Amino acid sequence: MLDAAAPRQAPASLSDLSIREAGALLRSGGLTSAELTRHALAMIEELDPALHAFVLVTDDVALRRAARADRELEAGVDRGPLHGIPYALKDIFDARGIPTTNVSWLTADHVPSEDSTVESRLRAGGGVLLGKLTTYEFAIGGPSFDLPFPPARNPWSEDHVPSGSSSGAGAAVAAGLVRVAIASDTSGSTRGPAFHCGAVGLKPTYGRVSGTGAHPLSSTMDHFGPLAWTVGDAAAALQVIAGADPADPRTSDVPVPDYAAGLSGGVDGLRVAHSPAWYASDAATMPDVVAVIEQALAVLDRLGATVDEVELPAYGLFNACGRVIMAAEAFAVHEDDLRRRPRSFGRFTYQRVMPGAGIGAADLQRAHDVRRQLTRALQQRVFGRHDVLVTACGQTTAARFADFPEDWPPPRLANDMQTIPFNVTGHPALSLPTGFAGNGLPIGLQLVGRPFDEATLLRVAAALETELGQRHRRPPALAARHDE
Amino acid sequence: MTSPDEDAVEREFAAVSRRLDIDVPPDLLGGVLHGYRALREMTALLRAGDGLDETEPPGA
């Protein structure tokens with residue numbers, strides 16, 4: 001099948017083509033979007049029955065868009081970096097005429113009549129929608145078996161969760177079913193699955209990407225961005241979806257730079273901060289995670305960056321601030337259904353959202369006051385003198401499904417993550433895979449940048465990706481398929 | 001067995017639920033209360049604000 005369709009200059013596996021490489025082949029005539037799309041659909045058909053990453057595969061839509069992309073390129077119409085490139089959406093983003101289930105019985109039959117802004121931009125950018133990816137219910141919940149779709153499996157081990165809530169995005173990208181997915185991140189829902197599956201997860205600055213047409217979880221904490229196989233793939237996707245949206249007053253009109261152009265700029269002269277007090281002495285942090293951060297800092301130093309240790313406000317304050325705000329806002333979103341249709345929620349979701357009912361106005365106001373102080377402290381102590389903060393993302397490798405008993409709560413909420421501080425402050429943050437822990441599961445680190453300076457964040461991530469490149473292998477069970 | 005403080009937290013949450021006219025299914029109440037207790041600990045932490053320099057000038 002693939003052999004018959006394989007173009008003259010195509011590599012052994014189309015899944016291994018970066019978005020930039022695939023785009024060059026599409027433009028040179030060495031590959032068609034239809035071929036790329038058929039390859040992706042074949043991969044999904046073969047591998048997804050075990051992964052459960054997709055809740056819906058939009059074959060017809062994908063092949064139609066691919067054919068159009070090919071016709072346009074032949075006619076000299078070039079819509080940008082995602083022209084003819086397959087992508088997928090976390091199933092909280094609307095695409096007109098295609099169900100948005102939020103993986104909930106409450107919205108299982110919802111078919112939107114309008115695109116989300118993200119989908120509108122991807123469509124206008126010539127992207128090829130492969131389908132919708134599973135998520136924890138309403139982007140919260142957990143790896144539940146009482147929802148309309150089964151939870152995704154971690155492609156590195158079926159006994160482990162991909163993390164959440166963008167579980168399908170993490171699994172699909174790591175397994176090579178798609179190069180880039182668009183996900184959401186309210187406390188780490190893009191960066192967590194990226195960390196635990198071995199992919200790149202980018203939470204842009206608050207307001208950089210529109211949330212119009214994405215089901216809200218917590219309106220002041222929600223962020224939207226790419227989960228991709230490489231830093232370059234993430235940059236390409238951000239290029240298309242970033243920018244002001246009149247329909248979303250949270251968005252900013254700060255200009256969107258050319259992200260790809262800056263990727264190879266290196267780190268010479270940059271100032272890098274780190275604050276090991278957050279993670280290094282925390283018993284929950286695996287030594288492998290600490291080691292890889294130290295390795296990355298050494299690489300940055302060798303490449304010409306200046307590395308300084310800084311003192312941050314206690315992690316617990318960031319965590320408490322984010323959890324309280326998210327709980328209150330998530331309850332507000334779901335209050336009516338919690339009252340009228342409690343049994344329509346999955347057990348995990350109900351037990352995570354309902355406690356927010358008890359957050360009073362005074363406590364919410366205090367959380368917002370603390371939020372402003374923490375944001376200011378981060379600006380002063382880190383970004384007043386530094387370009388990037390290097391810190392932990394996940395503290396451990398992926399959890400097992402067995403860690404999530406039916407009777408909530410489990411011993412720990414999920415994997416311990418240190419992602420929520422930057423949902424509190426709105427700074428851009430990127431989860432970069434760096435390799436594998438001793439148990440064979442992926443690990444990585446987190447890079448944080450100045451507001452709206454995703455370009456520097458991506459530049460540093462690209463440099464580290466090159467230097468710490470051992471992660472560029474696929475999950476063992478899938479490697480043989482990729483080599484065909 | 002719950003401690004007196006835990007009993008107070010449970011009564012507090014029950015009052016909130018009644019005010020909001022929300023009946024929490026009995027089999028889910030344990031998990032909800034666990035989450036609520038964790039949130040109460042967090043709101044207490046925020047009110048204490050230990051480690052925050054609330055005198056830092058804005059915009060510095």
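Two strands are taken to pair where DSSP finds at least two bridges between them. The legends below describe close-up views of a predicted model.

**Figure 1. Strand β10(A) is bridged to both β5(A) and β11(A).** Strand β5 of chain A, residues 200-203, is joined to β10(A) by 3 bridges, and the two run antiparallel. Within this view, Gly201(A) stands opposite Ser431(A) of β10(A). Strand β11 of chain A, residues 442-449, is linked to β10(A) by 7 bridges, again in an antiparallel arrangement. Here Leu430(A) has Leu447(A) in β11(A) as its bridge partner. Strand β10(A) itself covers residues 429-436 and is mostly covered, with 6 of its 8 residues buried.

**Figure 2. The hairpin of β10(A) and β11(A) contains a turn residue with a positive phi.** The two strands of the hairpin are separated by 5 residues. Gly440(A) lies in this turn, and its phi is about 90°.

**Figure 3. An open sheet of 11 strands is found in chain A.** Its strand order is β1-β3-β2-β4-β6-β5-β10-β11-β9-β7-β8, and the pairing is mixed. The edges are formed by β1 (54-57) and β8 (306-309) of chain A, each of which pairs on one side only. With direction ignored, neighbouring strands of the sheet are turned against each other by 25° on average. At the β8(A) edge, 4 bridges connect this strand to β7 of chain A, residues 271-274, and the two strands run parallel. Val272(A) stands opposite Val307(A) in β8(A).

**Figure 4. Helix α4 of chain A packs on the sheet.** This helix, residues 59-74, touches β1, β2 (86-90) and β3 (128-133) of chain A. The direction of α4(A) makes an angle of about 155° with that of β3(A).

**Figure 5. Helix α6(A) is mostly covered.** Of its 9 residues, 9 are buried. Among them are Ser167(A), Gly168(A), Gly170(A) and Val173(A). After the helix comes Gly176(A), whose phi is positive, near 85°. Val173(A) touches Val178(A), Ala181(A), Cys197(A), Ala199(A), Leu227(A), Ala228(A) and Trp229(A), leaving aside residues up to four places away in sequence.

**Figure 6. Leu177(A) lies in the loop between α6 and β4 of chain A.** The loop follows α6, residues 167-175, and leads to β4, residues 180-185. Is Leu177(A) buried or exposed? A residue counts as buried when 20 or more other C-beta atoms lie within 10 Å of its own. Leu177(A) has 31 such atoms within 10 Å and is therefore buried. Not counting residues up to four places away in sequence, Leu177(A) touches Ala40(A), Met43(A), Ile44(A), Leu47(A), Asp48(A), Ala53(A) and Ala172(A). Between Leu177(A) and Ala260(A), the C-alpha to C-alpha distance is 23 Å, with a separation of 83 residues in sequence.

**Figure 7. The largest nonpolar core has 153 residues.** The members that touch the most others are Tyr87(A), Ala172(A), Val173(A), Ala181(A), Cys321(A) and Val324(A). Helix α11 of chain A, residues 315-340, gives the most to this core, with 12 residues. Another core, of 5 residues, lies apart from it and includes Trp156(A), Val161(A), Ala399(A) and Leu441(A).

**Figure 8. Chains A and B are in contact.** The contact involves 28 residues of chain B and 32 residues of chain A. On the chain B side, the elements giving two or more residues are α1 (4-20) and α2 (26-48). Helix α2(B) supplies the largest share of that side, 12 residues. By class, the side of chain B that touches chain A comprises 16 nonpolar, 7 polar and 5 charged residues.

**Figure 9. Chain A, shown as the setting for the close-up views, has 16 helices and 11 strands.** Along the principal axes, its C-alpha atoms fill a box of roughly 60 × 60 × 45 Å. A compact globule of 484 residues would have a radius of gyration near 23 Å, and the 21 Å of chain A agrees with this. Of the 484 residues, 61% count as buried. Among contacts in chain A between residues at least 6 apart in sequence, 78% join residues at least 24 apart.

How values were computed. Residues are numbered from 1 along each chain as its sequence is written. Chains are lettered from A and ligands numbered from 1 in the order in which they are written. This is a predicted model: local features need pLDDT of at least 70, side-chain atom pairs count only at pLDDT 80 or more; totals for chains, interfaces and linings use all residues. A residue is buried if 20 or more other C-beta atoms lie within 10 Å of its own, exposed if 12 or fewer, and partly exposed in between; C-beta atoms are placed from the backbone. Two residues are in contact if their C-beta atoms, placed from the backbone, lie within 7 Å. Ala, Val, Leu, Ile, Met, Phe, Trp, Tyr, Cys and Pro count as nonpolar, Asp, Glu, Lys and Arg as charged, and the others, Gly among them, as polar. A nonpolar core is a set of buried Ala, Val, Leu, Ile, Met, Phe, Trp, Tyr and Cys residues joined through C-beta atoms within 7 Å. The radius of gyration is taken over C-alpha atoms; the globule rule is 2.2 Å times the number of residues to the power 0.38. Axes are lines fitted to C-alpha atoms, for helices over the stretch in contact, and angles run from 0 to 180 degrees between N-to-C directions.
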